[in-house]
Amino acid sequence: MSGLAGSYGTGRPAVDAAAAATLLRRRYGIDADPRELGSQQDRNYAVDTPAGTRVLKVFHAATGRARVADQLAAMAAVADAGIDAPRPLPGTDGEFVQHWAASDGTEHLVVLLSFVTGRQLVDAGHLSRAVARSLAGVAGRVCAALGPLRLTGEHGSQWNLQHAIEVVRALAGAVPVQDRASLSEVAESAWAEVAALAGGLPRQPIHGDITDDNVVVPDEADAGVRGVIDFGDLTRSWRVGELAVTLSSMLHHDLDDLGVLADMVAAFDAETGLSDDELRAVWPLVQLRCAVLVVSGWQQLAVDPANDYARTRMAAEQACFEAAARLPAPVMANLLLAGLGRTASGADGGRLLAVPGQPEFPVLSLAADSPALDGGGWAAGEAEAAVLAGALAGRQDVVVVPQGEYRLTRSRPSDRPSLLATFALVAELVAARPFGIEARARLVVAEAGESRLIATLEGGGTVLRILGAGAAAGIVPGTIVEPGQLLALAGLSGGLARAQVQLGTAGAAAPAFCTADVAPGWAPLVRGTNTALGVAEPAASTPEAAARSEQARRNRFLPGNTERYYADPPQIVRGWGAYLVDAGGRVHLDLVNNVAAIGHSHPAVREAVDRALARLNTNSRFLYRVLADYSERLLATTWGGGYDSVLLVNSGTEAMDLALRIAKAATGRRQVITHREGYHGWSAASDAITTSAYDNPHAAGSRPGWVSIAASPNPYRGTHRGAAAAAGYLADVDRLIAGMQASGRPPAAVVMESILGNAGGVVPPAGYFAGLIERVHAAGGVAIADEVQVGFGRTGDSFWAAEAEGALPDLLVCAKAMGNGFPIGAVITRGELSEALAREGLFFSTTAGSPAACAAGIAVLDVIEREDLMAHARVVGAHLRDRMAELAARHPIIGAVHGRGLYQGIELVTDTETLAPAARETALLCEALRYRGVIDQATSERQNVLKVKPPMVLTTRDVDWFTGALDDLLRGWSQDRPTRGKTVPPG
């Protein structure tokens with residue numbers, strides 16, 4: 001065995017906990033019980049002392065004094081750069097480096113180090129992009145700090161990637177025989193790529209082991225890396241090796257997608273300035289690092305079978321190697337170059353193919369925004385063939401489905417959309433009849449068969465692949481095909497004729513489709529495919545880059561306070577049912593769009609509006625039948641309150657504004673009672689009664705004089721809690737009304753959300769809303785129910801949420817679900833109240849009082865009834881509560897589940913006694929859930945409640961998708977366990 005691989009061919013120092021305790025007493029004057037920390041080749045012990053925790057490090061016998069001194073100098077350099085790092089502490093003799101003889105007589109060097117507080121990342125399941133970027137950024141900062149360091153010792157460690165192939169060759173015999181050949185093959189190939197680039201790779205001192213195991217983060221959720229530990233692999237090596245080591249440690253984690261790795265490279269580059277050669281070397285070095293970890297792990301277990309640390313790490317190290325081996329180095333090089341805005345070259349041989357008698361190919365797009373996919377056909381099984389057959393019905397020409405699209409027909413609802421291969425690395429020729437393919441350039445046939453033909457462009461280097469088409473007569477390997485000569489035939493077996501075309505370079509073919517995250521890596525390797533068919537090449541931009549560009553364009557003209565979802569929002573191009581589709585063809589489960597109550601793009605609404613617009617669209621001052629039709633249908637949904645008037649407006653904000661005007665006109669008063677934490681709109685009047693501190697941090701203290709504020713009747717975290725909380729809140733209302741009357745300002749109205757939506761979907765305590773109405777009536781006022789979010793059967797128990805609360809308000813305010821996205825809202829009330837409005841002037845409605853709006857409203861009511869969506873909301877909502885109860889039992893961060901039916905809120909807390917809101921964790925979950933295919937957002941003024949107010953067509957399978965993703969993410973967090981006992985959610 002070589003010196004490099006053999007220098008650590010013995011086990012860890014024979015220094016057990018008892019010997020370590022003796023060492024501490026004799027060398028450092030510390031009397032304590034050390035506890036062992038993991039290490040593959042050294043011995044590390046944590047020691048609690050009155051001055052704080054310390055780490056006792058007993059070095060492997062192969063580690064010399066100069067090398068230890070270099071490590072201490074490196075720690076100082078990193079600490080001086082503002083990164084937490086261990087500091088050496090002197091022994092009783094004042095020396096920082098001590099000697100100790102192990103039980104087997106071997107001499108070892110020893111240091112005592114300060115303890116860098118925090119937690120490591122190695123056991124975290126999910127790692128967010130922010131944490132991953134932070135880790136790589138710190139690795140880059142460490143590189144910059146160590147660059148000037150002059151090493152005095154010999155650092156020819158087996159972990160130095162300059163010697164990786166030597167280590168793999170020497171230790172591969174320890175690997176189980178069934179894995180040995182494949183590991184060696186990957187390592188040899190990777191080494192060949194690195195060797196070709198080695199002359200252009202800068203060298204310097206590097207830490208050599210900045211991994212998830214050797215960095216420290218604070219205990220706060222998703223906090224960035226702040227410290228680096230374990231300098232035992234310090235060496236002089238390729239600078240980019242530091243990055244490769246860091247990336248390799250990510251491959252066993254649950255990452256959002258492989259784009260995280262490109263983000264990490266960008267973070268490292270920002271600190272170091274990587275060359276193109278370094279970027280091309282990164283992935284082969286990752287493969288080599290993973291191979292070294294595997295062979296070293298098996299070798300260490302052979303010489304030290306009791307090393308539990310090495311044994312428990314083997315599964316993760318094997319997983320990392322397999323992940324690295326699956327990704328070709330050229331693909332990853334292109335991906336990383338693209339992440340830094342650098343381009344890679346690709347093949348381009350000009351126009352190469354045609355169909356006889358058809359000089360040009362029409363283009364048929366299957367991308368997410370293609371008109372061919374309107375109507376939800378993409379969501380069905382075998383969608384692609386069906387869409388193509390429909391588009392080609394009655395046509396005789398051959399069309400091209402271009403390379404470079406993120407095909408929605410290859411996507412589907414999935415809890416891991418990043419794992420779906422949707423990006424086309426082939427162009428397809430498709431027709432409803434058999435067709436031939438002829439050459440437009442001189443080609444040399446390399447392979448010819450019944451369904452496969454491979455040819456090279458004369459001169460070599462550029463390879464044309466045609467799959468799904470058989471060689472034409474006389475075409476055999478070695479044939480030189482001239483321009484205009486028939487090359488292949490497609491569709492002779494009947495059915496839809498399809499042939500895949502791909503232009504690339506010599507070597508292994510690219511797959512026909514790949515996942516979106518690695519598309520920037522594969523795309524340059526097939527550049528020129530569309531050109532070969534006379535079709536424009538796709539834009540080089542990724543959906544993420546396009547979304548950033550669109551966001552920047554929007555930011556130029558929207559005010560800074562415009563609310564938006566996500567730090568890096570996807571560009572949404574299509575909705576269907578309970579799903580939203582982004583520009584990359586990824587299908588997301590939509591948990592927040594209660595506006596699309598009956599499902600996105602419902603054909604019933606589209607068709608109804610289309611018919612209305614084709615016939616008549618005017619305003620409510622004209623006489624036409626559909627306005628009364630809709631009003632009658634809407635009134636039929638109400639219950640015993642004598643409702644007989646409908647006033648149509650354009651939004652929930654306008655409806656609330658109008659309800660306030662009616663209340664004031666009917667009572668002759670101005671004072672309005674609203675509730676804390678409520679949101680009611682953005683007009684001057686509706687904003688005046690909005691008290692949410694999230695929407696306006698100064699809301700509670702800046703309300704106009706005509707607004708009085710009652711406490712939010714929240715039985716979970718309000719001033720009165722539990723099942724009997726209504727009495728306490730009603731007593732508060734009695735005092736509030738009495739004070740208003742005593743001051744000569746009796747209430748005109750009280751406004752309340754039937755379910756406290758902005759507070760997180762909280763159901764008020766039983767009896768509160770009805771008791772509130774009784775008290776306001778007794779004081780001469782009226783009651784307004786804000787049903788903008790919770791009406792239209794969403795709660796499952798009743799069409800209107802107030803009815804389930806046993807309340808009978810005087811005015812119902814509604815919008816959102818009414819038009820399924822069409823702008824329509826309403827105030828529903830009694831004639832004696834609506835007539836009071838006449839004293840203030842005429843009323844009419846332009847948009848909501850139009851035939852198109854009324855047609856949309858009727859269509860929504862029809863669908864709710866026909867598809868029995870209210871009962872559906874009750875069943876699916878109950879399933880969600882059951883699943884969340886299971887999750888709450890495992891994850892105490894789930895403090896309560898509020899709401900009813902398909903209007904629920906999942907409240908997260910960091911302490912189940914104090915109910916401290918887990919706002920940071922909630923935000924992180926929303927970001928992470930997006931990469932698991934779930935659109936969700938935080939609500940409540942504490943921003944610690946996950947919304948569940950989806951389209952009412954949500955299914956139990958969708959619920960399982962969401963709760964499964966939530967369970968996975970919470971299971972991967974070490975910080976998701978509050979410190980105190982479980983609080984039982986109300987209800």
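Select aspartate 868 to start: this residue is partly exposed, with a relative accessible area of 46%. Buried means under 20% relative accessible area, exposed over 50%, and partly exposed in between (1.4 Å probe, protein chains only). The model is predicted, so local features need pLDDT of at least 70 and side-chain atom pairs count only at pLDDT 80 or more, while totals for chains, interfaces and linings use all residues. Residues are numbered from 1 along each chain as its sequence is written, and side-chain values use heavy atoms, with hydrogens and water left out.

**Two loop residues**

Aspartate 868 has a positive phi of about 50° although it is not a glycine. Its place is in the loop between helix 23 (851-866) and helix 24 (869-890). Helices (H or I, at least four residues) and strands (E, at least two) are DSSP runs, numbered from the N terminus.

Next, go to serine 940, in the loop between strand 40 (938-939) and strand 41 (945-948). Serine 940 is not a glycine either, yet has a positive phi of about 80°. Is serine 940 buried or exposed? Serine 940 is buried, at a relative accessible area of 2%.

**The sheet**

Select strands 26, 27, 28 and 39, which form an open sheet in the order 26-27-28-39, with mixed pairing. Strand 26 (572-576) and strand 39 (934-935) are the edge strands, each pairing on one side only. Two strands pair if DSSP finds at least two bridges between them. Strands of a sheet pair through backbone hydrogen bonds, either parallel or antiparallel.

Now narrow the selection to strand 27 (residues 579-582) and strand 28 (residues 587-590), which pair in the antiparallel sense over three bridges. Tyrosine 579 has leucine 589 as its bridge partner in strand 28, and leucine 580 has histidine 588. The hairpin of these two strands has four residues between the strands, and there glycine 585 takes a positive phi near 75°.

On to strand 39: strand 28 pairs with strand 39 in the parallel sense over two bridges. The bridge partner of leucine 589 in strand 39 is valine 934.

Show the side chains of strand 28. Val587 and Leu589 point one way and His588 and Asp590 the other way, and all are buried.

**Helix 20**

Select helix 20 (residues 768-778), whose buried residues are Tyr768, Phe769, Ala770, Gly771, Leu772, Ile773 and Val776. What covers these residues includes strand 30 (671-675), helix 19 (725-742), strand 32 (747-753), strand 33 (782-786) and helix 21 (801-804); contact means heavy atoms within 4.5 Å. Just after helix 20, glycine 780 takes a positive phi of about 90°.

**A cavity**

Select His675, Arg676, Glu677, Gly678, His680, Ser712, Met752, Glu753, Leu756 and Ala759, which line the second largest cavity. This lining divides into three nonpolar, four polar and three charged residues. Ala, Val, Leu, Ile, Met, Phe, Trp, Tyr, Cys and Pro count as nonpolar, Asp, Glu, Lys and Arg as charged, and the others, Gly among them, as polar.

The second largest cavity has a volume of about 60 Å³, and the whole structure holds four cavities of 30 Å³ or more. On a 1 Å grid over the protein atoms alone, a cavity is a set of points where a 1.4 Å probe fits but cannot get out, and lining residues have an atom within 4 Å of a point. Grid points are joined across faces, edges and corners, and a volume is the space filled by probe spheres set on the points.

**Cysteines**

Finish at cysteine 814, which is buried, with a relative accessible area of 0%. The closest cysteine sulfur, in cysteine 854, is 13 Å from the sulfur of cysteine 814, too far for a bond. Cysteine 926 also counts as buried, at 3% relative accessibility. The whole structure has zero disulfides, a disulfide being a pair of cysteine sulfur atoms within 2.5 Å.

Definitions and conventions. 1 Å grid on protein atoms, 1.4 Å probe; cavity = no way out; pocket = protein on both sides within 12 Å on 5 of 7 lines; lining within 4 Å.
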